[in-house]
Amino acid sequence: MQHIKQYVDEHRQRLLDELFALLRFPSVSADPKYKTDVLHTADYVAQKLRDAGADNVEICQTAGYPIVYGEKIIDAGKPTVLVYGHYDVQPADPLELWKTPPFEPTIRDGKIYARGACDDKGQFYMHVKAFELMMQTDTLPCNIKFMIEGEEEVGSSNLAIFVKANKEKLKADVVLISDTSMISMEHPSLETGLRGLSYLEVEVTGPNRDLHSGVYGGAVANPITILTKMIASLHDENNHITIPGFYDSVIELTPAERTALNNAPYDEAEYKSDLDVAELWGEKGYTTFERTGTRPTLEVNGIWGGYIGEGAKTVLPSKAHAKISMRLVPNQTSDAITEIFTKHFLSIAPANIKVKVTPHHGGEPAVTPTDSIAYRAAQKAISESFGKEPIPTRGGGSIPIVALFEAELGLKTVLMGFGLDSDALHSPNEKYDIFNYYKGIETIPLFHKYFAELSL
């Protein structure tokens with residue numbers, strides 16, 4: 001551990017400067033206007049893998065944005081770790097809510113503020129620098145492969161094609177991902193599962209054109225009004241989702257599992273204070289940990305229609321739209337949930353409007369085993385680095401490719417993230433603690449060390 005800390009201390013400023021250079025690329029995969037920036041980001045990642053000592057570094061083309069691949073095979077008889085991450089980021093909108101520009105990384109109170117600081121540039125780059133550290137100190141104990149993609153934030157559709165076509169290239173013993181969170185640096189944790197996702201868009205159409213709200217209002221159905229009523233009906237008074245069949249495949253936690261999950265440190269007053277909300281909201285009968293990690297949800301991610309410009313325009317709009325995501329738990333599948341949502345949403349539409357449902361992307365839930373060699377290696381690494389045992393938790397987010405890796409490569413995944421739930425992922429003023437960044441670089445080599453030792 002001493003040689004690790006010494007290397008990080010000696011190169012502290014450079015490690016930070018390189019991350020800042022990566023964060024300055026506006027690699028927004030969802031917006032075509034950033035295409036050139038996304039491609040330049042892939043070039044930067046590839047070069048940094050080469051600089052760190054990786055062999056066979058490639059920028060692998062796909063039908064969308066490329067996948068950066070690199071490897072270091074020190075001994076075919078040793079175990080191999082496949083590191084996954086993504087270099088694309090969420091859109092930075094709304095820009096006016098950022099205290100400093102999203103692609104000009106800024107340090108405030110020991111935290112790096114920038115889009116992608118935590119999700120996922122700061123986290124995957126820890127692995128590149130940890131690899132560099134092991135190469136420079138001649139301590140790499142196992143083989144390592146990197147697969148860093150550019151479309152995670154838009155569904156990773158081309159990654160699936162790449163994985164299926166490159167099974168030999170990606171052959172490994174475990175996948176290691178840092179794209180998740182810990183409870184806190186005082187209470188380190190390891191996520192043992194992720195929820196799946198069904199993401200879609202709905203469109204409600206009333207009249208064939210926008211109408212004068214004085215001339216037609218009260219005589220013609222307003223699509224915005226109808227859409228909001230339809231969305232409101234998707235939850236009952238207990239915040240239970242009302243779509244028939246939605247919970248049919250959900251496996252309830254046992255009392256022992258619920259007790260273990262809720263033993264993790266939690267301060268509800270602090271939770272509410274951080275979000276500036278007076279009360280929490282969710283499915284009746286479940287705790288916050290259960291609602292955010294083990295229960296399926298349905299959320300409206302965006303809603304629009306009519307006139308939203310400056311001043312007033314008395315219009316009865318022709319159309320209204322909403323983007324809706326459903327987080328899924330083990331035993332649910334994205335295709336099945338998308339199908340029953342579509343069927344239900346069409347069935348509750350009144351005759352005075354037309355409804356269109358467009359699926360965007362989905363992913364399957366995943367649970368990682370806690371008795372595997374890889375998980376035990378992560379436990380030992382965190383225990384040594386932090387001085388305390390990590391707490392097993394369930395993640396509320398989705399990384400659809402975890403299920404893909406298991407289905408196509410037969411590999412389980414270790415989710416060893418160093419972010420925090422309060423890091424404003426997908427929101428203005430996203431941040432990542434400098435401490436967490438360096439701590440990740442210090443901890444990751446220990447994972448490789450113990451994974452190699454326990455695999456003997």
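Reader: Why is Tyr-271 called partly exposed?

Author: In this predicted model, Tyr-271 has a relative accessibility of 33%. Buried means under 20% and exposed means over 50%, so Tyr-271 at 33% counts as partly exposed. Tyr-271 lies in helix 9, residues 268–275.

Reader: What makes the nonpolar surface patch?

Author: Tyr-266, Tyr-271, Leu-275 and Val-277 make the patch, which covers about 330 Å².

Reader: Why is the contact between Glu-132 and Arg-14 called a salt bridge?

Author: The N to O distance between their side chains is 2.6 Å. The cut-off is 4 Å, so the pair at 2.6 Å qualifies as a salt bridge. Glu-132 lies in helix 4 and Arg-14 in helix 2, so the pair ties together parts that are 118 residues apart in sequence.

Reader: Which of the words buried and partly exposed applies to Glu-132, and which to Arg-14?

Author: Glu-132 has 6% relative accessibility and therefore counts as buried, whereas Arg-14, with a relative accessible area of 29%, is partly exposed. Salt bridges that share partners join Arg-14, Glu-18, Lys-129 and Glu-132 into one network.

Reader: How do you know that Arg-115 is buried, and what is the case for Glu-430?

Author: Buried means under 20%. Arg-115 stands at 0% relative accessibility and so counts as buried; Glu-430, at 1%, also counts as buried. The side chains of Arg-115 and Glu-430 meet in a salt bridge of 2.8 Å, N to O.

Reader: What makes strand 13 and strand 16 edge strands?

Author: Four strands form an open antiparallel sheet in the order 13-15-11-16. Strand 13 and strand 16 each have a single partner strand, so one side of each is left without a neighbour in the sheet.

Key. Residues are numbered from 1 along each chain as its sequence is written. This is a predicted model: local features need pLDDT of at least 70, side-chain atom pairs count only at pLDDT 80 or more; totals for chains, interfaces and linings use all residues. Side-chain values use heavy atoms; hydrogens and water are left out. Two strands pair if DSSP finds at least two bridges between them. Helices (H or I, at least four residues) and strands (E, at least two) are DSSP runs, numbered from the N terminus. Patches are made of residues with over 30% relative accessible area and no salt bridge: like charges are joined within 9 Å, nonpolar side chains (Val, Leu, Ile, Met, Phe, Trp, Tyr) within 5 Å. Accessible areas come from the Shrake-Rupley method with a 1.4 Å probe; for residues, only the protein chains shown count as cover. Buried means under 20% relative accessible area, exposed over 50%, partly exposed in between (1.4 Å probe, protein chains only).
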